[in-house]
Each structure stands twice: as structure tokens, then as C-alpha cells.
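Biologist: I am new to this structure and should be grateful for a close look at a single part, namely one chain. Please begin with its overall form and then turn to its finer detail.

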Amino acid sequence: MDLVELTGVRVARTRDDLRLAPGEAFLGGGSWLYSTPQPGLRGLVDLTGLGWAPTEPLAAPEGDGGLRIAGTCTVAQLVAAAAGWPGADPRRTSAAALVRDCAEAFLMSFKVWEVATVGGNVCLGLPAGAMISLTSALGATAELWGPDGERRVAVTDLVVDAERTDRRTDEVVRALDVPAAALTARYAFRKVALSPIGRSSAVVVGRLDVDGPTPGACTVVVTAATRRPVPLRFPALPTPVELAAAVAAIDCWYDDPHGPADWRAGVTPVLAAEVLAELAGGAGVSGPGAAA
Amino acid sequence: MIEVNGTPVDPAEIGTHPGQCLRTFLRDAGRLDVKKGCDAGDCGACTVLLDGTPTHSCLTPVHRAEGRTVTTVAGLGTPEHLHPVQRGFVAAGGFQCGFCTAGYVVTAAALADADGVVPGADDPAREADVARLFKGNLCRCTGYRSIRDALAGRSNVAPDGPGCAGHGGVGRSLGAPAGPRIVSGCEPFTLDLPTTGVLHMSVVQSTEAHARIVSIDTSRAEALPGVRLVLTHHDVPGTLFSTGRHQSRLDDPDDTRMLDDVVRYVGQRVAAVVADSPQTAAHAATLVDVVYAPLPAVFDPEAARTPGAPLLHGDKGPESRISEPARNVVAQSHGEVGDVDAGLAAAVHTVGGTWRTARVTHAQLETHGARAWVDPDGTLVVRTSTQVPFLIRDELARLLERDPATVRVVAARVGGGFGGKQELLVEDLVAIATLRLGAPVQLELTRAQQFTMLPCRHPMRVRVRLGADADGVLTAMAVDVLSDTGAYGNHAPGVMFHGCHESVALYRCANKRVDAEAVYTNNVPSGAFRGYGLGQIIFAIESAMDELAREVGLSATEVRRRNVVVPGDEFVVNGAPDTDLVFGSYGLDQCLDLVDAALADGRGAAAVPAPSATSDWVLGEGVAAAMIATIPPRGHHSEAAVTMAPDGQVTIDVGTAEFGNGTATVHTQLAADALGVAPERVRLRASDTATAGYDTGAYGSTGSVVAGAAVARAAADLRARLDAVGGDPSVLESPVTARASSDGSPRSVAFNVHAFRVAVDRSTGEVRILDSVQAVDAAVVLNPEQLRGQVEGGVAQAIGGALYEELVLTDGVLSTAAFRDYRVPQMADVPPTRVLFADTYDTLGPAGAKSMSEAPYNPVAPALANAVRDALGVRPHEIPLSRDRVWRLARTDTGVGQPLPPALAPGHPGELPVDEKDENHDADDHD
């Protein structure tokens, strides 16, 4: 829709252009900004003019074989990139499928994938934000550019509450950096919504590391059902009882028109159990806990 | 420069706003085929190709289109040279109102092969993939089956050709005459007019649920360059009226002012700003400063009629026709036939319970909008998205104190109605502003305003008690209804009386009692909605009948066979029987048989998801029946004219509006049939008070049976006149016109029976529809494909209300004011429905037909709830049967899951208070 209070749009070409004037905000894809009235918004600074590569190998020292996802990378660009992973490195097959699953978890269709950015989705902090589900499961770290420098925050720490993040309004998400081990991990994905492919009410992603510093380690990340991403970390595949206990200890169930908290708390353990069963049943998994 | 459909367009020349999106820019540039459904990226109606990629133009900042190419639906093909996808939508009849069609066609064009077929769409194994691709395109009319057919290249409409010439007629699946124009974006809807010289209005809405306006400061708004006028309650007539419109204006209480100094719900109109551009008007609306003095508010209808409750319209006198303003009661009905207590005492079996329905909205893809101007001869012209142009004209004339002859109201093709456009909601403001300013003024509501400002479907609480003898024959029927009409009483009496009518009259029972009240609250107003109250009360009664069947040990269809009215019976509610309602035909017996036979084939049962460690699927079947009068009571009139020109061209003039109900097609067929001409020779001029004879309007499913009857009579008369001169129009020296009218009485009854087979996952509450069947008694089927589409669309809308949709209000504040939060069914949500027709001939309807537009909605929710009851062993008492509610139901049965900490105890707004839960025993003892 038209943003009726806007008086101008600047297209950022350099980092210097990222200093905001009063009333300005950053424009990523715009799929949320242009979808609802923006009272008080006077100007936008369009980040797409910066020309950041959508995805690129993560430079040292963060990691050989890791992935840098630009804040301005669209969902479609990430889906396209991930589609090429299995061919280039079969160990990335499961991560590629996770990217696709998360993109499909959006209420929005492939048409909005062309516009919506990964960084923008993370910055919204919506519990149902599928790129929050994805980057949380990938253990991604956000690189934030502010007027006074840069800082790095794990996505699971960046999103602090429903529609609230640790990002200051004058900070830009330059990139979401994914460590190499995340790309070769095995994943299981489950989602439930109030309609068959509707806006997510609960998303559970299970991750079993194969390579990297902690092979065999398992992380189960709960999003959409909770006010913020909740990573449940285990040194190895947990037993169903251990996982159920960890889920039961979650204390930030979300309540909105896409599902009351009691139901979300009730169905999340179902999804978690399925995720665990899938991870445990997978072939080729080694390490402690694989038999759980 | 932006290349639009091959032509370079210079944004500087058109003029752009800094915050403008591509959608409004394209419309400013004359591309009126780009529609607005939501303006938020949820519905897809505005989809265009941007460098070949399908894109929601409402989400695209216009500066990002610079240097790129844009293709709209009109750039894909023209009515004469349709794109293959456009041909597919015509051949499949893949639209009803047609407002979403542009977005579908453009999206599909980006995906389709050279034949216009979307890969996978013709493969049953890939239906889910196609539904995923189109989850960003909403259609409210069709139920998606015909759209799936279009995407798959399947044809449904009757082919043109020599064999068909002269047989336009009845029984043939003629495609909508507007089809080629709709699929190519050439059919103008309400606001598809150039905007040169037009001023734009934006509405300021109340932030308070109940308050007196202390002051309105318009100075900041007026200071904004481009603002022409700000209207407040100081500037408009204080005349009381009702937004709800009926043949008799006395049907609705006069309780509303154009702009009031008291607000009674959050979202009510408070002021209106007119400016040179829509952007300026919308901005200025945020600068109107309103000071409120809050008043006590009441949101629960039971509390609202309890002594001591805040009164919403306590200041109104008898001239407002409010039943009991001192009790917030707008309308009431209390009456008994026979002796219900005796009937219950004599009963062998009694059942009862209390059922609730949620607040749902029409969600027509075209938002309400109107443009007004003054013609050189002084006529006030209002072009508006309405189902009732003549009723709007008459009430506007009254409000503005003008002679109705100086007011012209015209509706173009209307982008969806469902009852929501049987109201006067925007026309008054544009009319008064244009009279004030002397320039055309347009108001186009936002999608959020559709949700927060406009009437929705009445939520109801319905108590039912049934008594029956050992054979399951009813001995008593008691129904108690509480209807929440919200802040205003538009349609409150009509919906309440109608809701209690055919639902109760369907059953033959010597002892009946109905108590019903419609009550004001400080919620968003309720209004006319498909089914007009029947669906809510049928949900309760048909649930109770299902319980009775279980109690007696009869099948769901058998308990109905033993109790439904049959020809010879009277239609009785709680007083004297109707006098103008008759059995023009009777097909309910066939409908029950058809549904039994369909369920017996076991379709879908094999598709039950396999049990796993964590899923827990159970199967169920459910049936419900519904009756509806084919025409509303107390008069519904239409005067039609049919003209034959010497060249054989036929013109129909009729006042009713086409909003996707298919009457334009049916009228064409009826005239073509009577006159023996090809339908291509028939032209329809409709819904214009200046060109057509009077028509009460397109509500109560009357477009075919009242307006259509008038058209058929006029055409028959014209045929007779032609025959008198030899039958060949070429001998005519000038066009010949025949006129006829229809007065909507006596009325017949139509029937619908729905059946579902479902699987329910007790671990998540998911309800999966395995089979859906609706048997309908519409008597003679004038257009099989259109009728099937009406039924499928009604079923889809009802599945929405039964499973997904809910306006969530907390202290009057809506938290579901966008499609992303309000779950209109998308393609993936709607299973196929088998539509079966009873074989009857109606002695009253045109060509033996009955109406069938609202009716398919009504039996769906109870059939689904009955199927869930069958699966779970626990009866649902409220809709929507959202997964959380079903999950809780499953837990009440089995104790699945562990106890929750108190903070998580269920407490959402739809939850029944504890004391009422006790009433909901499936079979209760006498009390």
C-alpha cells in the first residue's frame, strides 16, 4: 500500500548512506513495510542499492565452508542457492531441504519470496518468522552495522520477544553468518498451523551435527509457538523423555490469533517427538545417542 | 521510465508520491485492470509481471520499478485475442465475481506452458503443489474447483457453435457473458474509472468503544496542502437511519447517524477528509484530533440485556423502532405453539445443549467503495459497490432531502457481496461531499476498514432442547437465541426472525417454543450475511438432531425423514404459520437419499493417515439438513424490460446487480430461450436506477427467482408480440419493448443436505475432510455449471466459518484486521465437494427453478461438527472448529496430554463459561 506519510526514499549506495535522519527507517524487501500503515515514518533508506552478494562463502576466520547470507538476500535467492547445494556437496542435502521447508512455512507464496529478505524477516521478530526458524536452527550469527561500528549477535539472542529484537533502529543486519558445521548437519522439520498450510503456530527444527566441533550434538529449536526462538541443546540425541522434559520447561508460549498458548504448548511436544524420531531413525548417523 | 504493457510510462509525467506502491501508480497510469483486494500482499489480486516475474504490485515501491517492464492482465491478451491462460479461465468458468481473476491469470501466466496449463495442475498427485503455488491468491466466490480446472485446462462451460444457436437457454452451462472481459481485465468494477479531476475521501475511525465526542480539531488536517474538506458530525444531517436496507425501510431500526457525536464501537466513522489525492486524504485523516469522554461499554450480549448494563441507544424513542432500548434489545420474538413442557414430559428421549457461532466477515475481494458526482442536469449520481442500488437511492434521497428522481445510483459489476453490500455504508459520505464541493468525490475503503468498520455476521448463542418419542418422532422443540448485533441494529430484526424461521419450520412438531432476542453491544455491528441468520441456528438445531439420532439409535438421515415437513404440512415456528410460503416443489427426500448413497461408497475412508507414535487419527461421518425460503418475506419486487431491435439484437433492462451470483448469465439464458435467439445476441443493462425499472435488489437469493422471473415474463410477452407480426424481427420498424414485473410472492422452499467424512488427529486437533457431499434441491437447474459453482462457493465459505475464520475482538478491539490474520480459506483449505441435484420442478420459479445462492452455506457447519462428534465421541458446541478447540475436545474425552500450569489454562474469548458447560451434556435428563 502507499505509505502516505513518506516524504522521500533514499537508495543507499555506500555505508555512509546508512546514517538515518529522524523519521527514517531501513527498507529491505519492503514486503512487510508496504503491507501495513507506518504511522510517523517519513523516509526510507533502500538497502538493495548496496549490492551485497545474496550469499557467499564465509570468509576466515569465522570458518572455512561456512556461508554468509546477506541481510538483503531474498528468500527466493536463498532457496535458489540452497537448491544447488546437494549437487555441489551431498553433505549439504539436509540443510538445503531445511531452507526449502522454512520458505514453504511462510504464509506468503513464492511471489513474496522474490521480495522478502532474510534480514528483514529476522528483524521483524515475528514468532512465525520462518527465516528466524531457519537461521536459529542453522546457529547463525547476525552481523549488525551501526553508525558507531559493528557487532555480532546470535539470532537466538537477537530476537528477544514477539516483534521485538535487540537491533537498534539505526543498525542494519549486514549478514547472517552460518558456520560450516550447520551446513552438513542433519535436520528434521515439523510445522503446525491452524489451517493446512497457514501461518505457523509451531515450528520445530531438530538438528544433529555430523561434522564440526561437536559431532553428534543435537539441537531442537522451537519457534512460532514461543515468543522468541528457544534452542534446546543436547550433547547427543536426547531420549524422548529428556526432550519432552525440555519442551515442558519452556516458559514463553505465544498467544495470538494463530493459536492460543495452551494448544501451542500442547502440540509442540508432538512435533518435537516426531522430529526426534526422524533424527533417530535416519541412516548413517554415528556417535553417542544415535540409538536413542 | 517504466515499460507498461509495451508502452513506456514516465513516472514524472504521471506524478508519484514518495511512498507510492506500484499498484496505485499503475492505476494512476490508467491500468485499471490492476485490482486491490487487500493492499497488503495477502490476496494476490494486484499481481503483475515485473520483468516477467509475478509480483504483488501493492508491495512494490514504485521506485524499484524504474527501468523495468510491467505486464498487467490486459497486457497478456484482449477479449478478441485471449492469452491461453485467459482462454482457460473462460472455458472453465474459473471465476464468479471476477475480482480476483486478474491476479490469478497473471500468476498462472508466469507458470503455465504454451497451452495455458500450469504444470502439475492436471495431475491429481500434484494438487497440493499447485495449491502451494497459489496460496498467495485468494478467491472468496468459487471454492477454487473451477479455478483448479482453469489451471489444468479443463473446460466446463458449454461450447459455442452452430449447434447451440437458438438454444441459449435453460439447462445449458452457458459461460458468463462478461467472461472474456473479466479474464482480460476489461470489465470495469465500481471504481475502475479514470481519476482525473476526482477528489478522494478518507475516513477517521473511533478508537473508543463507547464515548461521547467532546471535540474534534480539524485544523492540523485542514492545514495539509491538498485538503479540501473535513466532515464531522457538525457538518452532516442528524437524520437517523439504518445502514441495513430492505424493501420496507421500516424493517430496520433508525439508530444511526451519518456521523454521530457518540461513538458506540471501535472503528466507527467519526470524520471524513477529502483531498486532492488518496495519499493526502489518508495522511490528513491521521491529523484529525478527536477528544473523547469515555462511556461505560458492554461487550457480552448476555450482560448487555442485564439490568444496569450501559445502554447504547437509551436515548432513542419509538420512532427508531427499537424493541426495548432500556434493555439494549433491538428485536425479540417469544412464542409457543402447543405445549413444550408437556411435549418434553411425554418424551422418551430428550437432548439439548448450547451452541455458539463466532463473528465472521464476508471478505469480498472488492472492498466497499463509491464515487459521487453531479450531472449537468443536477442529478446526483452515485456509482457504488452495492447489491441494492434502488434501496440506496431511496435512502440517500431521504437523508439528503432530495427527490429520488434527482438521485441516480448505479452499480457496475460488483466484486463480491455475500450480503455485505445490502447496506448503505459509504454512499452517504461521498454524496454529501460532492454536493458540498461540486466535484466528484471517491471513497475506497481499506481492507482493514472492511474488518473494523463494516458489519459482520451476527454471532449467536443458541440453546436447543428436543424431546422425542421412542421412535424418534419429535414431541417438543425449544429454541432460545441470543444474537449479538453489535453497536447498531442494521439487519438485527430480519436476521433474528429469518434465522429462527426455516431452521425451526423444517421440522414437524406439535409443540414448539422459540425465544429470541437481538441485543446491542459495543462490538463492531453485525449485518446481513449469506444465509441471513439461518446458518447460526441451523448449526445448533442440526447438532441437536444429530444427538437425538444417536440417542434413539437412528441414522442421521432417518431421524430427519421421520421429522421433516412434507407437502401438506404448514411452516410453523412459534405462532401462526406462514401464509405465502408453499411447497412449489419438494426434493428433501431425494437429497437425503442422495447423501446416504454417496456416503455409502466410502470415498476417502482409505485415505486416513496411518497411525504413528505421535498422531492419533480417528474417523467420523456427519450429516445436516437445511431449508430456505426461495425469496424473502414481505415483498421483493422487480420490473424488467426486454427489447428486440429490428436487427435481432435483444436488450434486457433489469435493476438487480451482478456480484458473482451469475444472474447476468441466467437472465441472458431466460431471454434467449423465450425469444429463440442465441445468447450472444442478448445484451444486459443492469443495476442502474436511471435505465432500469424498480428492483428491490440482489439479496435473499432473488436474482433468478424474482428479477429472473420478471425477465422471463417480459421475454415471453415480447415473443408473443413478435409472433403476432410473423415472428421475424426484421419486419419491425423500430425496437419493440415488453415489460413485466415480479413481486416475490408466493414463495417456495429449497433444500440442502450436506455430509462429511472426516479424520481428526486427536494429538493436534487437525480436522481433515476426506469426503464432502452436498445434495441440493434447486428444482430445474438453469445452468448446471453455475449452480455447481454457487454450491461449491457456499460450501467453501462455510468451511471457512466452520474451521478457520474468526474475528477476534477483545474489549471491542479487533486483532484480526488483515487476511494474514483472518483465515479466509485458500486453495489448499478447500476439499472437492460432490454436488448432487435433486430432480424436481418448481411450480413458482422461472422455468421451474428455485434460488440456490445462500442456501449451500447453511448445513455445512453442523455436518462438519457432527462428523467431528462422530470421530471424537465428544460433541463440539462452538465454531470455528479450530484445531485448538478440537484438541481440547479430544482431551476432555481421553485425558491425552499432561495438565498445564495455570497460566496456560484455556481462556481464549470463545471458551464457554464454566456454568454453561454443564448444559452441554449430549443427552440430558429432564430438568
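Modeller: The following account concerns chain A. This is a predicted model, in which local features need pLDDT of at least 70 and side-chain atom pairs count only at pLDDT 80 or more, while totals for chains, interfaces and linings use all residues. Residues are numbered from 1 along each chain as its sequence is written, and chains are lettered from A, with ligands numbered from 1, in the order in which they are written.

Along the principal axes, the C-alpha atoms of chain A fill a box of roughly 60 × 45 × 35 Å. The radius of gyration of chain A is 19 Å, which agrees with the value near 19 Å for a compact globule of 292 residues (taken over C-alpha atoms; the globule rule is 2.2 Å times the number of residues to the power 0.38). Of these 292 residues, 58% are buried, meaning that 20 or more other C-beta atoms, placed from the backbone, lie within 10 Å of a residue's own.

An automatic or database assignment divides chain A into domain 1 (8-49), domain 2 (55-181) and domain 3 (184-281). The C-alpha centres of domain 1 and domain 3 of chain A are 34 Å apart.

Chain A contains 10 helices and 14 strands, which are DSSP runs numbered from the N terminus (helices H or I, at least four residues; strands E, at least two). Among the strands, β6 (residues 141-146) and β7 (residues 149-154) of chain A run antiparallel and are joined by 6 bridges; pairing requires at least two DSSP bridges. A:Glu143 has A:Arg152 of β7(A) as its bridge partner. With 2 residues between them, β6(A) and β7(A) form a hairpin.

Notes:
Buried ≥ 20, exposed ≤ 12 C-beta atoms within 10 Å, placed from the backbone.
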